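User: I have a model on my screen and would like to understand the words people use for it. Could you take me through them?

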Amino acid sequence: MNPDSLKREAAARALDFVEPGMRLGLGTGSTAKHFVALLGERVRAGLDVVGVPTSEATRADAEAAGVRLSTLDETPALDLTVDGADEIAPGLSAIKGGGGALLREKIVAAASARMIVIADETKWVATLGRFPLPVEVVPFGVAPTRIAVEAAAAAAGCPGRAELRRTREGHAFVTDGGHFILDLALGRIPDPLALAERLAAVPGVVEHGLFIGLVRTAIIAGAAGIRIENA
Ligand SMILES: O=C(CO)[C@H](O)[C@H](O)COP(=O)(O)O
């Protein structure tokens with residue numbers, strides 16, 4: 001089965017956790033897109049939920065699917081967020097931000113009583129770090145911020161290079177919040193918490209894509225079926 005079918009299977013399984021009246025965080029990316037589309041089908045069949053999107057792209061998808069939307073200002077406490085991930089490891093620490101939405105994704109996840117990650121089995125890893133870690137930074141002073149981000153990674157035991165994310169046209173990629181992304185290629189993150197703390201202390205870093213202690217459940221779809229992991 002191809003990865004996209006597996007993503008859809010994981011998304012479909014996440015619907016089992018949705019109850020009428022829930023306030024839902026809606027993730028970003030190709031896996032979360034399946035969830036939003038399937039949720040829309042349920043909504044059109046009569047399910048009443050309200051969603052808070054984690055990106056402008058998801059807002060557009062959810063609107064098109066007929067999902068009633070709110071904001072965190074109107075709805076500051078959510079019951080459940082369903083989102084994808086770039087990597088997820090035993091203990092359910094994760095890397096997110098491949099789609100550039102990590103800041104809103106983390107704010108929405110932190111406002112949720114429960115976060116479920118949905119993924120195909122290629123995202124499950126023994127140790128985080130094969131996927132370059134997205135770090136969202138303010139555009140001002142991005143050159144010294146990049147140097148400081150690399151120094152923070154080295155101090156946390158995982159030296160590597162940070163590259164400014166660019167669009168296909170070669171411009172700096174700009175997030176929904178107006179920030180840049182540095183993709184930090186590390187290969188392996190032996191101590192995610194230490195790295196998270198070091199990165200958070202760098203001036204100019206808005207947020208990083210390490211999700212530690214946020215994911216309660218992971219739904220992993222593979223060729224052999226669906227596996228559910230709980231933190
Ligand atoms: O963190 C994300 C966006 O910022 C996505 O959830 C992550 O990149 C996974 O994407 P996909 O489901 O397309 O593989």
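**Reading the terms on this model**

Analyst: Happy to. The protein has 6 helices and 13 strands; these are DSSP runs numbered from the N terminus, with at least four residues (H or I) for a helix and at least two (E) for a strand. The model is predicted, with local features needing pLDDT of at least 70 and side-chain atom pairs counting only at pLDDT 80 or more, while totals for chains, interfaces and linings use all residues. Residues are numbered from 1 along each chain as its sequence is written.

User: Why is the protein called as compact as a globular protein of that length?

Analyst: The radius of gyration, taken over C-alpha atoms, is set against the globule rule, 2.2 Å times the number of residues to the power 0.38. For 231 residues the rule gives 17 Å and the protein has 17 Å, so the description fits. The C-alpha atoms fill a box of roughly 50 × 40 × 35 Å along the principal axes.

User: What makes E105 buried or exposed?

Analyst: A residue is buried if 20 or more other C-beta atoms, placed from the backbone, lie within 10 Å of its own, exposed if 12 or fewer, and partly exposed in between. E105 has 31 such atoms within 10 Å, so E105 is buried. E105 is found in helix 4 (residues 102-110). An unreviewed UniProt entry places the feature "active site" at E105; such annotations may be inferred rather than shown by experiment, and feature names are shortened, with positions in the numbering used here.

User: And how do you know whether G29 is buried or exposed?

Analyst: By the same kind of count: G29 has 26 other C-beta atoms within 10 Å, so G29 is buried. G29 sits in the loop between strand 1 (23-26) and helix 2 (30-44).

User: Which residues does G29 touch?

Analyst: Leaving out residues up to four places away in sequence, G29 touches G84, G98 and G99. Contact requires C-beta atoms, placed from the backbone, within 7 Å.

User: What makes a set of residues a nonpolar core?

Analyst: They must be buried Ala, Val, Leu, Ile, Met, Phe, Trp, Tyr and Cys residues joined through C-beta atoms within 7 Å. The largest such core here has 58 residues, and A10, V117, I118, V135 and V149 have the most contacts inside it. Strand 6 (residues 115-120) gives the most to this core, with 5 residues.

User: Why is this core said to lie between the domains?

Analyst: Domain 1 (3-125 + 212-222) and domain 2 (133-204) both give residues to the core, so the core lies between them. The domain bounds come from an automatic or database domain assignment.

Definitions and conventions: Two residues are in contact if their C-beta atoms, placed from the backbone, lie within 7 Å.
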